[in-house]
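Welcome, and thanks for opening the viewer. Please keep a selection tool at hand, and we will walk through a few stops together.

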Amino acid sequence: VGTTPGGANILAYTAVGSATSAAAVTPPLANGATCHVTVRATTVSGATVSATSDGVQVDVSPPTVAITVPTSSGSYHTTAATVGLQGAAADDAVLTSVTWSNTVTGASGAVTGLANWNVAIPLAPGVNGIAVTAIDAAGNSGVTALEVTRSASPKITITAPVSAATLVTDVSRLILRGTAS
């Protein structure tokens with residue numbers, strides 16, 4: 001195992017006898033480093049054959065993900081049955097997915113887009129815990145959360161002078177009575 005094809009080894013060859021497979025643990029590799037694996041086989045007569053990989057990039061950094069609309073703070077209040085979210089995600093390698101989940105309803109799904117994404121999420125009445133997760137090609141994940149409180153819309157009822165939707169009158173001043181809940 002080395003950082004260049006055919007270059008100096010950071011992990012020496014390990015003899016495995018007649019085994020057809022083996023595993024080895026490398027020393028810690030820097031994030032972003034490319035690691036090349038060379039497999040060498042030696043026959044009973046002493047002939048050696050080797051093959052080197054094209055390289056594997058080390059990725060231990062999680063992607064970043066942020067909610068920017070309707071707010072970048074940690075909480076939001078609405079009376080709507082859904083909340084529209086927009087945001088951004090990024091990774092130092094390859095971003096593969098961005099998903100959402102609502103911890104109250106159990107609903108989840110994929111957003112539209114990756115680097116710049118959006119989604120409409122159904123809400124339950126009360127406090128909804130919304131998580132947005134970005135995952136990269138190495139399986140690293142980054143998460144951001146938003147607490148969305150869905151309140152009931154206030155109900156307003158006019159009770160006097162009439163409860164009808166329209167009123168025709170010849171007076172210039174009305175006294176209205178009603179209820180709000």
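Before the first stop, one term: two strands pair if DSSP finds at least two bridges between them. Bear in mind as well that this is a predicted model.

**Stop 1: a sheet of strands.** Select β5, β7 and β10. These 3 strands form an open sheet in the order β5-β7-β10, and their pairing is antiparallel. The edges are β5 and β10 (116-122), each of which pairs on one side only. From one strand to the next, the twist averages 35°.

Now zoom in on strand β7, residues 82-90, which pairs with β10 in the antiparallel sense over 7 bridges. Which residue of β10 stands opposite Q86? Select N118 in β10, and you have found the partner of Q86.

**Stop 2: I67 in an edge strand.** Next, select I67, which sits in strand β5 (residues 64-69). Is I67 buried or exposed? Its relative accessible area is 7%, and because buried means under 20%, I67 counts as buried. Show its surroundings: beyond residues up to four places away in sequence, I67 touches S72, L85, Q86, G87, W117, V132, T144, A145 and L146. You will recognise Q86 in that list from the previous stop.

For a contrast, add A51 to the selection. I67 and A51 are 16 residues apart in sequence, yet 46 Å apart in space, C-alpha to C-alpha.

**Stop 3: the loop after β5.** Move along to P70, in the loop between β5 and β6 (75-78). Look at the peptide bond from V69 to P70: this bond is cis, with omega near 15°. Most peptide bonds are trans.

Then select T71, in the loop between β5 and β6. T71 is buried, with a relative accessible area of 16%. Its side chain is joined to that of S73 by a polar contact of 3.0 Å. Setting aside neighbours within four places in sequence, T71 is in contact with Y76 and L146.

**Stop 4: N128.** Finally, select N128 in strand β11, residues 126-136. How accessible is N128? Its relative accessibility is 0%, so N128 counts as buried. Which side chain makes a polar contact with the side chain of N128? Select N102, whose side chain makes this contact at 3.0 Å. Apart from neighbours within four places in sequence, the residues in contact with N128 are N102, V104, T105, L123, L146, E147, V148 and R150.

Before you leave, select L146 once more: I67 touches L146, T71 is in contact with L146, and N128 is in contact with L146.

Methods. Residues are numbered from 1 along each chain as its sequence is written. This is a predicted model: local features need pLDDT of at least 70, side-chain atom pairs count only at pLDDT 80 or more; totals for chains, interfaces and linings use all residues. Side-chain values use heavy atoms; hydrogens and water are left out. Helices (H or I, at least four residues) and strands (E, at least two) are DSSP runs, numbered from the N terminus. Buried means under 20% relative accessible area, exposed over 50%, partly exposed in between (1.4 Å probe, protein chains only). Contact means heavy atoms within 4.5 Å. A polar contact is a pair of N or O atoms within 3.5 Å; within protein, one must be able to donate a hydrogen and the other to accept it, and residues adjacent in sequence count only if both atoms are side-chain atoms. Axes are lines fitted to C-alpha atoms, for helices over the stretch in contact, and angles run from 0 to 180 degrees between N-to-C directions.
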